[in-house]
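Student: Could you walk me through this one before I set anything up? I'd like the overall picture and then some local detail.

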Amino acid sequence: MQTSKVKQELSELIQQALVRLEASGDVPAGTTELPIQIERTRQKTHGDFATNVSLALAKKAGKNPRELAAEVIEVLADHPGVNKVEIAGPGFINFFVDESQTLASIKDVLSRGDHYGQVNIGNGDLITVEFVSANPTGPLHVGHGRGAAFGDSLSRLLEVAGYQVHREYYFNDAGRQMDILALSVWLRYLDQLGVEVEFPGNAYQGEYIKDIAASLAVKYGNDFNMMIDGFFVSGVEQDQEAHLDQLIENMRQSLGQEAKEQVLNLVLATQVEQIQDDLHEFGVDFDEWFSEGSLERSGAIARAIAILKENGHIYEQDGALWFRASDFGDDKDRVVIRKNGRHTYFAADIAYMVNKIDRGFKKLIYIWGADHHGTVARVHAAFQAFGYDSDQFVILLVQMASLYRGGERVSMSTRRAEFVTLEELREEVGVDAARFFYSMRKNEQQMDFDLDLAKSQSNDNPVYYVQYAHARVCSIFRQAEEQQITVNEIEQVDLSFLNEEIEKDLARKLEVFPEMITLAARDFAPHQVTYYLRELAAAFHSYYNQVKILNADDQTRQARLALISAVRQVLQNGLAIIGVSAPKYM
RNA sequence: GCGCCCGUAGCUCAACUGGAUAGAGCAACGGCCUUCUAAGCCGUAGGUUACAGGUUCAAGUCCUGUCGGGCGUGCCA
């Protein structure tokens, strides 16, 4: 945090310099109102920080930027941590920070330990991150895996950035898809009991359906073995989907409402539990599993619509209730209650949104698959209709992961069971490699997920590169122990013995970690953490190959051990954010 | 047709909310293990940022248009 402070202080000094120039008339009045931009430089030759003020103000001041930069430097107060200030390029002012400042960050890392990198842009605000939220109609596939990895890494990142994060999974436990699922299971159950069934081609095909059917038989025995006459000869319908609806109705008649609910509940419970286990194995755990059905049962949907109605945002047309979404920027108005009296999914979305606000969340982050982008405008419209602050509302779209196997696009239809499951991915490439792979992509980027490639690359996945750096540090400390080298407390280490250029570079990398966290959290971009880790690991591997640590004289050795210990700490802290382990041995 | 997202090295992707010479990893080529883990290091090569205009001191980034890809466009979820 040391030079982050320097950055802040420099920003203030520049501001003061501009005020002076304004007073002397060298810069027109009002220009000091502009926010000062000061940033980390990309290249070492440009120093540590750079500001573009003279470029930004040159035109207003009627001067050329380099000339103006010189004037700024002229009246700029000295900063004790800065060695050199120079004008470069078109008119940037570059600041070179004293290296003792940079080396001091090593102490900072070691004293803060697991807390190093924690920043406070969240102010402890309670926020909710909702992600995955796949319907519990089958196993999660690799597309869901991306959402899970992104949502969880983002949650961890925001926690490090000072938010109190509540992770939620919203699941649809009502509606036609669940009915189809119940039907599928029930038919398999009958089949297993020896009843002759014609299993529909558009029902759920997966093997897991048979497993649930078996558990249905274990729990309820023969209780649901009843079927009305003419079950499968339901008229002359040609339409497959209509046929399915007819079968669902026939199931209801065969079983009665209560037994049908029992089947459905068991199916649902089994599915949700499997998804929970699946995600848990992937390192993803939720604070809340929120049932869509509960919104209707509690009357939350009716209440939400009533409020909209009171405020004139609802009207009736063609027997349905419509929300005036077009008043808030959506393309058209949207139905909330259908002609048949049932609410739409959108109506449940609204009630859920209100529920979140009522629970006191300061910010609502939604992570949706990009195929749902069409519904963003209407939910945002509803949010505005309730008068909530738009800043509280964030929808992040995770682009599709197109799946390829052997160069061919693989469909991900859950009903046809053609997907590759998250579980298979976990088993084939491992959790660490899979999560790292997902974490390298920013959410808006469409990605091609070639399974063959993912498997073949599992050995040179960059995750091992980062983990290897961590294991190497651990190994050095094991060696030190074997050689009975005592490792001094950081207070007794003289860091000025770190005078190789490469170790200053490494320290600089450590120093930037909290700033990286700040930027990544601001942009909801956990992939920046992943890229940072690769850079840090690269800096360490170079260092390792260039410099001997244990063979150096004692004071240098102690300083180097402190440095690599700090590297190990930051690797751990960073890997924790993306949910990847930091192994001691490899 | 309309709307949203995207187009960066042979491949997969970065680029700090407009900054300086667009960077990594794979793949290719050439070097480095009698000393702390070679899952590593060092080096070479690879680009008109899809294309054409515009705004700006400055554009991969912002605006307009064209081409190409993905996804939407239900009183489905």
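Tutor: We can go from the whole chain to the RNA surface, the cores and a few local elements, bearing in mind that this is a predicted model.

Student: OK, what are the overall dimensions of chain A, and how many helices and strands are there?

Tutor: Taken along the principal axes, the C-alpha atoms of chain A fill a box of roughly 95 × 65 × 40 Å, and the chain holds 19 helices and 15 strands. Of its 586 residues, 39% are buried, and among contacts with a separation of 6 or more, 75% join residues 24 or more positions apart.

Student: And which domains is it divided into?

Tutor: The division gives domain 1 (2-97), domain 2 (176-281) and domain 3 (462-577), with the C-alpha centres of domain 2 and domain 3 lying 56 Å apart.

Student: Switching to the RNA, how many residues surround strand B, and which are the closest?

Tutor: RNA strand B is surrounded by 71 residues, of which Ala-50, Gly-89, Asp-318, Gly-374 and Ser-475 are the closest. Several elements give two or more residues to that surface, including strand E1 (38-40), helix H6 (176-192), strand E15 (447-450) and helix H18 (527-546).

Student: Which element gives the most there?

Tutor: That is H16, with nine residues, and the helix spans 462-482. By class, the surface near RNA strand B has 29 nonpolar, 25 polar and 17 charged residues.

Student: Asp-318 was on your closest list, so where does it sit, and what is its phi?

Tutor: Asp-318 belongs to the hairpin of E8 and E9, which has two residues between the strands, and its phi is positive, near 55 degrees. Strand E8 (residues 314-317) and E9 run antiparallel and are joined by four bridges, with Glu-316 having Leu-321 as its bridge partner in E9.

Student: What else does E9 pair with, and which of its faces is covered?

Tutor: E9 also pairs with E10 in the antiparallel sense, over three bridges, and in that pairing Trp-322 stands opposite Val-335. The covered face of E9 carries Leu-321 and Phe-323, whereas Ala-320 and Trp-322 are on the uncovered one.

Student: What about H12, which elements do its buried residues pack against?

Tutor: The buried residues of helix H12 (residues 376-385), among them Arg-378, Val-379 and Phe-383, pack against helix H10 (300-310), strand E9 (320-323), strand E10 (334-337), helix H11 (345-358) and strand E12 (393-398). After H12 comes Gly-387, which has a positive phi near 80 degrees.

Student: Where are the nonpolar cores, then, and which residues touch the most other members in the largest?

Tutor: The largest nonpolar core has 109 residues, and Leu-563 and Val-567 touch the most other members. Helix H19 (residues 554-577) gives the most to this core, with 11 residues. Apart from its neighbours within four places in sequence, Val-567 is in contact with Val-473, Leu-506, Leu-510, Leu-536 and Phe-540. There is also a second, separate core of 25 residues, which includes Ile-180, Ala-182, Leu-190 and Tyr-204.

Student: Last one: why does Thr-421 count as partly exposed?

Tutor: Thr-421 counts as partly exposed because it has 19 C-beta neighbours inside 10 Å, while a buried residue needs 20 or more. Thr-421 lies in the loop between strand E14 (408-410) and helix H13 (422-429), and beyond its neighbours within four places in sequence it is in contact with Pro-139, Leu-140 and His-141. The C-alpha atoms of Thr-421 and His-144 are separated by 9.0 Å, although these residues are 277 residues apart along the chain.

Technical notes. Residues are numbered from 1 along each chain as its sequence is written. Chains are lettered from A and ligands numbered from 1 in the order in which they are written. This is a predicted model: local features need pLDDT of at least 70, side-chain atom pairs count only at pLDDT 80 or more; totals for chains, interfaces and linings use all residues. A residue is near a molecule or strand if its C-beta atom, placed from the backbone, lies within 6 Å of it. Ala, Val, Leu, Ile, Met, Phe, Trp, Tyr, Cys and Pro count as nonpolar, Asp, Glu, Lys and Arg as charged, and the others, Gly among them, as polar. Domain bounds come from an automatic or database domain assignment. A residue is buried if 20 or more other C-beta atoms lie within 10 Å of its own, exposed if 12 or fewer, and partly exposed in between; C-beta atoms are placed from the backbone. Two residues are in contact if their C-beta atoms, placed from the backbone, lie within 7 Å. A nonpolar core is a set of buried Ala, Val, Leu, Ile, Met, Phe, Trp, Tyr and Cys residues joined through C-beta atoms within 7 Å. Two strands pair if DSSP finds at least two bridges between them.
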